[in-house]
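Visitor: I would like a close look at one part of this protein. Please start from a single residue and lead me outward from there.

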Amino acid sequence: MKLFCNSTASVLIFFLFFSLSSSNPDFETLLEFKKSSDPFNKTLISWSNSSSSSSSLCSWIGVTCNHERTRITQLVLENQNLTGSIEVLSQLTELRQLSLKYNNLSISKDFSFSPWRNMKLLYLSHNKFSRKFPSGISELHRLHRIDLSYNQFTGEIPLGELIQLPNLLTIRLEMNSFTGSLKGIGSFSSLIEFNVSRNDLEGEIPEILRSFQDSSFVGNKNLCGEPLLNDCGGESQSGGQIDPIPVLVPPKPKKAKKLSKKALILITISYVGLIILMGFLGFLLCMKKFSKKQSNGKQSIEKKKRSSGFEGKEEEGMMVLFNGCLDLSVDDLLKSSAELLGKGSFGTTYKVMMNNGYSVVVKRIRERKKKEINGFLKEIGELRHKNLSSLRGYYSSKGELLLVYDYFSNGSLFSLLHGNRGPGRTPLDWGTRLKFASGVAEGLAFLHVANDRKLSHGNLTSANVVIDRENNACIADAALCHIFVAPANVTNNGYKAPELMYNAHNYRKLSQKCDVYSLGVILLEILTGKMAVYEGETSLAKWVQCVGKEEWESEVFDFELPRDKVIVGEMVCLLQIALLCVAQVPNDRHNASVVHKMIEDVKTKGRTSATFVHRGDANNRSTDSSRSELSDYALPAQNTSF
């Protein structure tokens, strides 16, 4: 009887182990992939069948699991010298990211992408994939980036299927043997990176793709049209090749009579006289333009008043400089070379390179809200804070207004978060992001209590946050909304508070609570890596508010950020702060100074002690008293674990 019980227990343990293994389909899939790709067990040593528990599976090299630790969501095995086919990996149906770059892997003839319906990032470059483009790509509706470059693919590119993917940002297919044309493309509304260089493509480049650089198309000898230099206009009907220029061989001419010496002299004199006349007329024209320019310059200098004070009425042609600005005049600005940086809500922005090598930013204002602006510009020019881009000076005349700021070569927060997010990009690390978040909040808090006017920004976006040499986030265009009119077609709806959406042209509705909402959107950009308007129409704030907390780590947080336990905890804290900022009701939003203090708690104390003010308590404090009382509030602990 005892022997029977022992035997029964052994059988039960065996079946329990077997059922545990069979209940985890990804376990067997990975072991099968290891068997074919690493037959000598040189790379995937940690992939062992000694234990089939989900916890051990998630600790294998290159493997990341979902929240429940039951299915694989990421598989990253780059430069591991793996061989064989990847077809078995199609059974990993919950994959969000697959990166197998720099290996020696291959696919079979019937391989299909269709099982990977949850895939967002697919990096398969630098392998030995051949045959035609795999089928089923149109079913990957969540796909953001696909990189099949540096392989041996042949056949046509299924552009008709790729354009059906609404979230696609990157297509990299360079260094293959794709054939056919690029015709049949409707539109790629979200595409920011496209490269099909060094293939065997032919025909004309569609207009929708001409905004990309020529490096995206070079190496296709039969491809033509902008941005390539070879024109398609000379193609023949038959072969598509440019017809050679016909060479006409004229009949042997009859012997003509020679011109007399007198006729030759008259012809020569006529040509010389014509050249002299044209040169003289050109000289007169240049002198006339130079004289007019010199006259205008003198008038401008006579009218110009250089001052650091603001007594009296505004005079025409006045150049005003504030403390800390280099000695410059309007003539220095006009004579220096300028580069267009962009067009914003209030005007056009230029980078002006002075003759002394120093660069400044000059903003040319379109329309004023107030005729008398000297007093207000004085207040803005006196604002000094490490997280504000200070107004250094301005030039004002009857029909012209130029604002002068420092130039920051590190660019804007928008460009650092959203620019060139394809392969090869250096990710923005979490520590730097958290510093930027704190800096924007601190700069906004300073602006809100800088004087008795209760200043607001009115157009706070990640593009209006620039990064200085010390890697500080500095808010640009501070308080310009009080004196300048933004055109009606400039909306930035992703950053606008809900109360402004129904008062698009009522600038009296602008408030500091609107700025806090915009700050919350910037925090969400920092956390998600997504733009303020998500997937074309939905605002980022609304999208995040609809995602359940249990999906924050897998769905909300930027895939470039590490999933370290401490870092994830800090990201959760910052996300909770951002959600408080984008509350629908203005009175439910904290003051900017309180938001800054909360972010500083996340930075200095970490997730375990980072805490949150109750909305009612925070908003009952006045703006003036919040500065002295921030250190006194008690913050109830939040459970931020998953």
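Visitor: What does Ala450 count as, and at what relative accessibility?

Guide: Ala450 counts as partly exposed, at 31% relative accessibility. The label fits because 31% falls between the 20% limit for buried and the 50% limit for exposed. Keep in mind that this is a predicted model.

Place Ala450 on the chain next. Ala450 is in a loop. Helix α9 (430-448) is on one side of that loop, and strand β22 (465-467) is on the other. Now look across to Leu383. Along the sequence, Ala450 and Leu383 are 67 residues apart. In space, their C-alpha atoms are 7.5 Å apart.

Leu383 takes us to an enclosed space. Leu383 is one of the residues that line the largest cavity. The others in the lining are Ile380, Leu388, Ser389, Ser390, Leu391, Tyr405 and Ala478. How many cavities of 30 Å³ or more are there? The count comes to one. The largest cavity has a volume of about 40 Å³. Its lining has six nonpolar residues and two polar ones, with no charged residues. How is such a space found? Rolling a probe the size of a water molecule over the atoms shows where empty space is left.

Stay with Ser389, one of the lining residues of the largest cavity. Ser389 sits in the loop between α7 (374-381) and β20 (391-396). Buried or exposed: which word describes Ser389? Ser389 is buried, because its relative accessible area is 8% and the limit is 20%. Leave out residues up to four places away in sequence, and Ser389 touches Tyr405, Phe408, Val466, Cys474, Ile475 and Ala476. Tyr405 is also in the lining of the largest cavity. Another long step in sequence shows up here. Ser389 and Ala473 are 84 residues apart along the chain, yet their C-alpha atoms are separated by 9.1 Å.

Now move on to Lys363. An unreviewed UniProt entry annotates Lys363 as "binding site". Lys363 has its place in strand β19 (residues 359-365). Lys363 is buried, since its relative accessible area of 6% is under 20%. Which residues does Lys363 contact, leaving aside its neighbours within four places in sequence? They are Thr348, Thr349, Leu401, Leu402, Leu403, Asp477 and Leu480.

Strand β19 also holds Ser359. Ser359 counts as buried at 17% relative accessibility. Not counting residues up to four places away in sequence, Ser359 touches Lys351, Val352, Met353 and Tyr407.

Gly342 makes a useful contrast. Gly342 lies in strand β17. Gly342 is partly exposed, with a relative accessible area of 24%. Its contacts, apart from residues up to four places away in sequence, are Gly347, Thr348 and Thr349. Thr348 and Thr349 are among the contacts of Lys363 too. The C-alpha atoms of Gly342 and Lys363 are separated by 9.7 Å, with their positions 21 residues apart along the chain.

These strands bring us to an open space, the second largest pocket. About 870 Å³ of space lies in it. Its lining has 36 residues. Leu341, Thr349, Ser412, Ala463 and Asn464 lie nearest the centre of this pocket. By class, the lining splits into 15 nonpolar, 17 polar and four charged residues. Strands β17 (337-343), β18 (347-353), β19 and β21 (401-406) each give at least two residues to the lining, and so does helix α8 (413-418). Strand β17 gives the largest share, three residues. Why does the second largest pocket lie between domain 1 and domain 2? Domain 1 (318-407) and domain 2 (411-609) both give residues to the lining, so the pocket lies between them.

Finally, step back to the whole chain. The protein chain has 17 helices and 25 strands. Of its 642 residues, 47% count as buried. Take the contacts with a separation of 6 or more: 54% of them join residues 24 or more positions apart. One more stretch deserves a look. UniProt, in an unreviewed entry, lists residues 263-286 as "transmembrane region". In the model, that stretch is 100% helix and 0% strand. Its end C-alpha atoms are 35 Å apart.

How values were computed. Residues are numbered from 1 along each chain as its sequence is written. This is a predicted model: local features need pLDDT of at least 70, side-chain atom pairs count only at pLDDT 80 or more; totals for chains, interfaces and linings use all residues. Side-chain values use heavy atoms; hydrogens and water are left out. UniProt positions are given in the numbering used here, feature names are shortened, and annotations may be inferred rather than shown by experiment. Helices (H or I, at least four residues) and strands (E, at least two) are DSSP runs, numbered from the N terminus. Buried means under 20% relative accessible area, exposed over 50%, partly exposed in between (1.4 Å probe, protein chains only). Contact means heavy atoms within 4.5 Å. On a 1 Å grid over the protein atoms alone, a cavity is a set of points where a 1.4 Å probe fits but cannot get out, and a pocket is an open set with protein on both sides within 12 Å along at least five of seven lines; lining residues have an atom within 4 Å of a point. Grid points are joined across faces, edges and corners, and a volume is the space filled by probe spheres set on the points. Ala, Val, Leu, Ile, Met, Phe, Trp, Tyr, Cys and Pro count as nonpolar, Asp, Glu, Lys and Arg as charged, and the others, Gly among them, as polar. Domain bounds come from an automatic or database domain assignment.
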